[in-house]
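Subject: Structure for you to look at, with notes

Dear colleague,

I am passing on the structure we spoke about, and my notes follow below it. Please read them with the model open beside you.

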Amino acid sequence: MQSGNQTSVSHFILVGLHHPPQLGVPLFLAFLVIYLLTVSGNGLIILTVLVDIRLHRPMYWFLCHLSFLDLTISSAIVPKMLSGFLLDSRIISFGGCVIQLFSFHFLGCTECFLYTLMAYDRFLAICKPLHYATIMTRSVCNYLALGTWIGGTIHSLFQTSFIFRLPFCGPNRVDYFFCDIPAVLRLVCADTTINELVTFVDIGFLALTCFMLILTSYGYIVAAILRIRSADGRRNAFSTCAAHLTVVIVYYVPCTFIYLRPGSQEPLDGVVAVFYTVITPLLNPIIYTLRNKQMKAALRRLGGLREVHP
């Protein structure tokens with residue numbers, strides 16, 4: 001495998017989503033509305049958690065991190081997509097492509113770790129309620145949250161450097177709407193077999209490990225919930241966990257489809273990628289708001305401009 005200084009491409013052209021020219025403006029308006037709703041919805045959750053002292057608990061602290069990740073993932077992808085719809089501005093510099101790929105995998109991997117951490121938090125809250133307050137202290141929560149960000153940084157640095165050390169000396173048209181690993185690897189002027197294998201193993205190992213930890217946590221959680229004698233208690237516990245399970249499924253299914261299967265069906269890849277880069281960040285605040293009584297009550301208090309006291 002050749003590497004290093006043979007890179008002669010100064011920019012890439014993002015082909016974007018394939019659509020008839022007359023749909024450019026309608027698609028721009030649709031994705032603009034989705035993006036604004038994503039930013040406002042996740043921003044509202046962050047504001048609510050910070051303002052309402054009743055939500056100053058580990059579960060909502062981690063939810064605040066999740067909302068910030070969803071907001072930034074969408075902001076790393078959607079603005080460039082919008083400019084392609086309206087202005088036909090599809091050029092991205094080589095450095096811009098590096099930054100976009102790094103940002104996407106940094107934020108996405110951090111979110112993967114965060115889902116695992118949120119499952120562990122629910123496991124402690126439901127299975128070990130008497131020890132929960134002493135285990136999940138504020139400092140522990142901060143260290144755990146910091147660990148997810150550090151883990152995402154290490155993963156993305158490895159993936160990004162491993163790809164962009166290869167030579168790019170020929171075509172520069174990225175047949176995708178953002179710079180992602182499978183699309184960028186197709187433009188490399190060298191054998192990418194090792195890169196494809198490493199990407200599969202790396203992302204597969206992380207995703208599978210986190211997913212198995214989440215399933216294990218919820219196995220214990222379900223067993224603990226079924227032992228609750230009160231019907232209301234069981235219902236409240238299931239309601240608390242249902243939102244997290246929903247967003248985990250919404251997150252893992254598209255990622256598995258894109259990165260952990262042999263071959264590629266490019267048009268379908270683009271549709272699935274739109275789902276987890278554009279739609280999922282919009283769905284998460286809706287799911288958590290609709291399924292969580294405390295969050296809905298806090299939003300009503302915030303909307304009523306009532307001062308929140310301890």
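Which residue in β3 does I13 stand opposite? It is R173, and I start from this position since the sheet is a convenient place to begin. Please keep in mind throughout that this is a predicted model, and that everything below was computed from it or, where I say so, taken from a record.

The sheet

The sheet is an open one of 3 strands in the order β2-β1-β3, and its pairing is mixed. Strand β1 (residues 11–14) pairs with β2 (residues 91–93) in the antiparallel sense, over 3 bridges, whereas β1 and β3 (residues 173–174) run parallel and are joined by 2 bridges. On the β2 side, I92 is the bridge partner of F12, and I91 is the bridge partner of I13. Because β2 and β3 stand at the edges and each has a single partner strand, one side of each is left without a neighbour in the sheet.

The side chains of β1 alternate along the strand: F12 and L14 point to one face and are buried, while H11 and I13 point to the other face and are not buried.

The nonpolar core and the aromatic residues

F12 appears again in the largest nonpolar core, which has 87 residues, and in which F12, F168 and Y276 touch the most other members. The element that gives the most to this core is helix α3 (residues 94–127), with 14 residues.

For Y276, if neighbours within four places in sequence are left aside, the contacts are F104, Y176, F178, D180, P254, I258, Y259 and P281. Some of these names return in a cluster, in which ring pairs link F104, Y176, F177, F178 and Y276.

In the structure as a whole there are 20 aromatic pairs. One of them is formed by F94 and F168, which meet edge-to-face with 5.8 Å from centre to centre and 75 degrees between the planes. Since F94 lies in helix α3 and F168 in the loop between α5 (138–164) and β3, this pair ties together parts that are 74 residues apart in sequence. Both F94 and F168 are buried.

Two positions in and after α5

The loop between α5 and β3 also holds P171, which counts as exposed because its relative accessibility is 52% and the cut-off for exposed is over 50%. P171 and L187 are 16 residues apart in sequence, and their C-alpha atoms are 6.1 Å apart in space.

T160, by contrast, lies in helix α5 itself, and with a relative accessibility of 7% it counts as buried, because the cut-off for buried is under 20%. When residues up to four places away in sequence are not counted, T160 touches V98, L101 and F102.

Salt bridges

How many salt bridges does a search of the whole structure find? It finds 2. In one of them, the side chains of D52 and R301 meet at 2.6 Å, N to O. This pair links distant parts of the chain, with D52 in the loop between α1 (24–51) and α2 (58–86) and R301 in helix α10 (residues 293–303), 249 residues apart. D52 and R301 are both buried. The other salt bridge is between the side chains of D121 and R122, at 2.9 Å, N to O, and these two residues are buried as well.

What the record says

The UniProt entry, which is unreviewed, carries the annotation "transmembrane region" for residues 27–53, 60–79, 91–120, 140–158, 203–226, 238–259 and 271–290. I compared two of these spans with the model. Residues 140–158 are 100% helix and 0% strand, and the end C-alpha atoms of this span lie 27 Å apart. Residues 203–226 are likewise 100% helix and 0% strand, with the end C-alpha atoms 34 Å apart. Please treat the annotation with some care, as such entries may be inferred rather than shown by experiment.

With best wishes

Note on methods
Residues numbered from 1 in each chain as written. Predicted model: local features only at pLDDT ≥ 70, side-chain atom pairs only at ≥ 80, totals over all residues. Heavy atoms only, no water. Salt bridge = Lys/Arg side-chain N within 4 Å of Asp/Glu carboxyl O. Helix = DSSP H or I, 4+ residues; strand = E, 2+ residues; numbered from the N terminus. Buried < 20%, exposed > 50% of the residue type's maximum accessible area, 1.4 Å probe, protein only. Pairing = 2+ DSSP bridges. Core = buried A, V, L, I, M, F, W, Y, C linked by side-chain atoms within 4.5 Å. Contact = heavy atoms within 4.5 Å. Phe/Tyr/Trp six-rings, centres within 6.5 Å; stacked < 30°, edge-to-face > 60°.
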